[in-house]
Amino acid sequence: MTETVALKTLRLWRVAGQHTVREGSIAPSAMKGLHHLRTFALLQWHLQEEQDLKNTLQNLASSMETRVPLVPEEDRSQRQALIRVRRDLLKNKVPRVVDLEVLQETHPDLCQRVQEAANRLQQWLECLLETVLQDEHLQVQKHLKDILKGHPDFLSSLEISVPDVMDAVRDFLNSEEVGKWRKLENTLCTYLSRAAFKTSPLSRFTRQEVHGSGVPETRTQVLLNAALLHRFWKGIQHHPDLKPHLLYRWNPDCTPHEKGFELLLLDRKDGKAADRWMVLPHSALLWWLHQTLQTPHTLLDLLEKMQAVLKLDPARSEGFVLQLLDRQVLIPEFALDDLTPEPVTALQQVLSGLPVDFAQEVSSLLGELQALLDHYSQSDAMTRRGVQASIQQQVHLIQETLSLEGPMPDSGRWLYENASAPTHPATLPELDQETINLVHTLSMLLTGSAAKSLKQEESFVQRYGPEGQTSLTAYLLNPLEETPSSAAQDLQHRAQEVSRGLKRLIEQNREAREIQIPAEVLAPHQNSVRRFQPAGWTWLMQQHRGQWVLNTALGGVGVLGLRCLTPSSKALLKTRLERLYAGKAAQLRVTSQSTINHNPVVLDRTLGTLSSLEKSTFRLQDLQVQHVQGQGLQVVDSLGEQVIPLYLSTFVPSFLTPTEQRLIDLAPQVGFRSYIVESFCDPQSPNVQHFPRLKLGEVVVSREAWVVPSEGLIRQKNETEVEHWRRVLALWQANGLPERFFLSPNHTLFEEKLDIVAYFSKERQLKPQFIDLQSLLYVRLLERWARDCPATLLYEVFPDPFDQNLVQEIAVELEEHHA
């Protein structure tokens, strides 16, 4: 399995001039005011004093035990005093004065030591932890208000992300009350920590800018939840006053075959997806409709033609046409999908062309809604609260006007906003070729993407032959059964060998803070994955005193966070993708109806999974899949030219239909997270497990981490907050855990208990959460997390955010080049 790999046989990479900088929007130093420093110091003293007292009292008790036999039997008072004082000390009780008076007469040296220990014990027992915490929390609340008042942009971000809390925020800022804000404090601490200590391509709390365009990035527009838009469009299609006047056409996916007209239905209902073929038997009426509706018709015009030409009964004609609409044989001329630009305006334009007053009324309501969205995007946080209320009223008015039935999406998720904004410049890394190739090899093997591609390829060859070809539709609808393959097994064995090598390395250095992965762990396997590597990679990295820390390595797509990009950065991404894929790429268009999935059209060529999607350059029926020896599976058009489907979306593919998911599998994409230790932990262990930081060259590929059983983090019945905090600190000190860390769900255990849809549908998604045990606010978040997640991963905060003015992450673009 091993072979010698010369560097000249591997790919050469260079860092592209364009890169994305992401920054937190609040300085970490501003968050220090949320620390309960006096309470924390007192808790530490309380824990240390407990241990010291335990040792002292045990030593005193042992001393008394040795003296009891030496006391004459007739001196019962002295004997009883020694016994009672010893018993009290072992029970952490302050001895009685009468017993100490006896000891003072008979054992003055021992009595002095006991009295000193008793005074310490009295002080320890009477420590006013709760009182100190209550007093200090007043100052923390004051500083929390100061942070909010000093960061109006954060409040604007909060208003659009969790609008339901804004009334409480306003009350909190104007109130002198102390005790009733616990739930709000938890929410504010969660979002403030996102703004200060981490970055995200999809977060309104992160500033993002693509450098290299020469055009400054600014926030552009607020967009409406896609699920709402689809509800509006569905209501327009089904409204009795509008439906007869909308334009419909024959679904080009419904094609004639020997048995009848066949139609591929990509079906999604109640959050579940199922794709199927439907066959309609041949009939003269279907053939007539097939020919007639090559040109769009309104339903009124179509029914009149059916009566005039075919002499059909009006009721029968209408019933038959409605059945065809329900089965998607007839489809609207207009289509709403994830790439529809200005969707509210697009719906307006559809309605403005209809010859009925009601259509103009609904169009006017949509126009007013768009005006409110524009006004909202330009308003400050407190003004936004009122504008959002107007938006909600307008949505409800449209809902009533169109007589929309059924529950609407949660009003707190009706809006979202991009996160593009000016950032500070960043230094690009100097990466040596060997490190780059080793990181890519690690990514390809541990994600299994190369083995998956090879299995698809070999299963295809098994069915269609080494130079085989089939329609893309047939390939997607008829999943290939995986066949045993020596090449795929070899790749899997290589991945297992690398995984075992890393695990041995960790086991041998379990107590180390940082270990270097030897090149020989990965070098023998580089050529095995070379062919499957995408032409371009994006590394999401942070810098720490000359070291580069890898968060994610992504192959095949480019800059993340497409919904955050402005026109200038979209142009950069388009140029890069066309260069990487030699103009062969086509952007996938899907209808996910996601709450966040408004993605811009980046590429000129698009591939639609439904023929109803307008302006798609290709449909599934237009394309073929073929096998090219040494290059794998390729999608080609009618001229034999390659088409590379790219899924440029922030939407989780698991929600798409099976056909769309298999289409995405054909895209050259690799996603590698730097959470390597997830697969190395023992899920059955009741103990804290430690994993050293892992490096490849000067790149950290996995931070130092710990696995902590969640059960010990949950607050017990009748346990006060300060008692819970003290118990957590005792656990941390006993295991040498850091006071500051990031919590992350252990997906390998978490997803055993929840399927993917349930996971992403939870009321509180478990995103990495910054925790600082010097603050009660974060201890509360830790406890809430432990209740939500059965297994908890702790990652070191590296780089240290307090070393930086703002937390910064760089999305570095790597491109292959030929020297």
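This report walks through a predicted model of a single chain, from its overall make-up down to a few individual residues.

**The big picture**

The chain has 819 residues, and 55% of them count as buried. Its secondary structure comes to 26 helices and 29 strands. If you look at contacts between residues with a separation of 6 or more, 75% of them involve residues 24 or more positions apart. On the outside, the accessible surface adds up to about 36400 Å², and carbon and sulfur atoms account for 49% of that.

**How far to trust it**

Since this is a predicted model, confidence is worth a look before the details. Mean pLDDT for the chain is 86, with 90% of the residues at 70 or more. Strand E8 (residues 297–298) has the highest confidence, at 96, while helix H25 (residues 756–761) has the lowest, with a mean of 39.

Two stretches deserve some caution. Over residues 1–8, pLDDT stays under 50, and the model gives this stretch 18 contacts beyond four places in sequence. Residues 750–765 also stay under 50, and here the model has 20 contacts beyond four places in sequence. Where pLDDT is low, the predicted coordinates should not be read in detail. So for those stretches, go easy on the fine print of the coordinates.

**Strand E1 and its partners**

Strand E1 (residues 13–24) pairs with strand E29 (residues 808–816) through eight bridges, in the antiparallel sense. On that side, Glu23 sits opposite Gln808 of E29. E1 also runs antiparallel to strand E2 (residues 206–211), and six bridges join the two. Here it's two histidines that face each other: His19 has His211 of E2 as its bridge partner.

**Salt bridges**

Side chains of opposite charge can pair when their charged atoms come close. How many salt bridges does a search of the whole structure find? The count is 36. Three of them are laid out here, with the closest N to O distance and the relative accessible area of each partner.

| Salt bridge | N to O distance | Acidic partner | Basic partner |
|---|---|---|---|
| Glu159 and Arg385 | 3.4 Å | Glu159, 0% | Arg385, 17% |
| Glu514 and Lys695 | 3.8 Å | Glu514, 34% | Lys695, 6% |
| Glu719 and Arg727 | 2.9 Å | Glu719, 10% | Arg727, 24% |

Start with the pair of Glu159 and Arg385, whose closest N and O atoms are 3.4 Å apart. This pair links distant parts of the chain: Glu159 belongs to helix H6 (residues 152–161) and Arg385 to helix H15 (residues 381–401), with their positions 226 residues apart. Are the two partners buried or exposed? Glu159 counts as buried because its relative accessibility is 0%, and Arg385 counts as buried because its value, 17%, is under the 20% cut-off.

Next comes the salt bridge of Glu514 with Lys695, at 3.8 Å. This one also links distant parts of the chain, 181 residues apart, with Glu514 in strand E12 (residues 514–516) and Lys695 in strand E23 (residues 693–696). Glu514 is partly exposed at 34%, whereas Lys695 is buried at 6%.

In the third pair, the side chains of Glu719 and Arg727 meet at 2.9 Å. Glu719 is buried, with a relative accessible area of 10%, and Arg727 is partly exposed at 24%. Elsewhere, salt bridges that share partners tie Glu514, Arg693, Lys695, Glu698 and Glu796 into one network.

**Backbone oddities**

Most residues other than glycine have a negative phi, and most peptide bonds are trans. A few spots in this chain go the other way.

One is the cis peptide bond between Phe798 and Pro799, where omega is about 5°. Pro799 lies in the loop between strand E28 (791–796) and E29.

Then there's Gln328, which is not a glycine but has a positive phi of about 65°. Gln328 is found in the loop between helix H12 (314–326) and strand E9 (330–332), and at 27% relative accessibility this residue counts as partly exposed.

Ala582 also has a positive phi, of about 50°, without being a glycine. The loop that holds Ala582 runs between helix H21 (567–580) and strand E15 (585–589). Why does Ala582 count as exposed? Because its relative accessibility is 60%, and the cut-off for exposed is over 50%.

Methods: Residues are numbered from 1 along each chain as its sequence is written. This is a predicted model: local features need pLDDT of at least 70, side-chain atom pairs count only at pLDDT 80 or more; totals for chains, interfaces and linings use all residues. Side-chain values use heavy atoms; hydrogens and water are left out. A salt bridge is a side-chain nitrogen of Lys or Arg within 4 Å of a carboxyl oxygen of Asp or Glu. Helices (H or I, at least four residues) and strands (E, at least two) are DSSP runs, numbered from the N terminus. Buried means under 20% relative accessible area, exposed over 50%, partly exposed in between (1.4 Å probe, protein chains only). pLDDT is the predictor's confidence in each residue, from 0 to 100. Contact means heavy atoms within 4.5 Å. Two strands pair if DSSP finds at least two bridges between them. Accessible areas come from the Shrake-Rupley method with a 1.4 Å probe; for residues, only the protein chains shown count as cover.
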